[in-house]
Amino acid sequence: MKTALVLNGPNLNLLGTREPAVYGAHTLADVEKLCADACAAHGLKLDFRQTSHEGALVDWIHEAGKAQAAGTLAGVILNAGAYTHTSIALHDAIKGAAVTVIELHISNVHAREAFRHHSYISPVAKAVMCGFGVSGYPLAIAGLAALTAG
Ligand code: CA2
């Protein structure tokens, strides 16, 4: 059974505590449960993580590249938070690790401030999902399962 690695970046630990109009009322623990159920439905094992540190995300992407090459990882669902819009390091890490990444955002970043319209992740991502609220996580897991199967 392959693993789906779900990585959450800075401030996503605050989900459900503030800004419910933008991000909804669910907590990150609720999101983990949604992901666990989706993984169970698609025959994947879940590895769910959050960090507010850019370098930790880079290290985890490298680790994921090795696991995918070894055949144990289906791919990564990455909500890089605000690093999406700033991080050349994450862009380079994804490219260098040659790992399948689905970029995910809870909100529709294109309907928000102009500084959220550019992503350093999108050019190196296999697919991009945004605007579905936290339902985007299980949808992205279904997408990853479909990519892996086909
Ligand atoms: O929509 C998304 O998922 C984002 O990746 C969330 C990031 C934001 O910087 C991106 O532009 C879009 C912010 C995550 C912070 O989440 C919070 C949740 C509740 C309260 C405060 C922050």
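## Helix H5 and what it packs on

In this predicted model, the buried residues of helix H5 are Gly 136, Tyr 137, Ala 140, Ile 141, Leu 144 and Ala 145. What do they pack against? The list of partners takes in four strands and a helix: E1 (3-8), E3 (73-79), E4 (101-105) and E5 (127-130), plus helix H2 (28-41).

The length of H5 checks out too. The helix runs over residues 136-149, and its 14 residues at 1.5 Å each should span 20 Å; the C-alpha atoms at its ends are 20 Å apart, so expectation and model agree.

## How H2 and H5 meet

Let's look at the helix partner in more detail. The axes of H2 and H5 come within 8 Å and cross at roughly 25°. Angles under 35 degrees count as roughly parallel, and the two helices are therefore roughly parallel to each other. As for handedness, H2 and H5 make a right-handed crossing.

Which residues make the contact? On the H2 side they are Val 31, Leu 34, Cys 35, Ala 38 and Cys 39, and H5 brings in Tyr 137, Pro 138 and Ile 141. Sorted by type, the residues of this contact come out as 8 nonpolar, with no polar and no charged ones. Two of the H5 contributors, Tyr 137 and Ile 141, also turn up among the buried residues of that helix.

## The loop after E1

Gly 9 sits in the loop between E1 and helix H1 (20-23). Is Gly 9 buried or exposed? Its relative accessibility is 0%, so Gly 9 counts as buried. Leaving aside residues up to four places away in sequence, Gly 9 touches Gln 50, Thr 51, Leu 57, Asn 79 and Ala 80. Take Gln 50: Gly 9 is 41 residues from it in sequence, yet the C-alpha atoms of the pair are 5.8 Å apart in space.

Asn 11 belongs to the loop between E1 and H1 as well. Its backbone deserves a look: phi of Asn 11 is near 75°, a positive value in a residue other than glycine. For background, most residues other than glycine have a negative phi.

## Another positive phi, at Ala 98

Where is Ala 98 found? Ala 98 lies in the loop between helix H4 (88-97) and E4. Ala 98 is not a glycine, but its phi is positive, at about 50°.

What about its surroundings? Ala 98 has 61% relative accessibility and therefore counts as exposed, whereas Gly 9, back in the loop between E1 and H1, counts as buried.

Technical notes. Residues numbered from 1 in each chain as written. Predicted model: local features only at pLDDT ≥ 70, side-chain atom pairs only at ≥ 80, totals over all residues. Heavy atoms only, no water. Expected span 1.5 Å × (residues − 1). Buried < 20%, exposed > 50% of the residue type's maximum accessible area, 1.4 Å probe, protein only. Contact = heavy atoms within 4.5 Å. Axes fitted to C-alpha atoms, helices over the stretch in contact; angles between N-to-C directions. Parallel < 35°, antiparallel > 145°, perpendicular 65-115°, else oblique. Left-handed = near helix turned anticlockwise from the far one by under 90°. Nonpolar A, V, L, I, M, F, W, Y, C, P; charged D, E, K, R; others polar.
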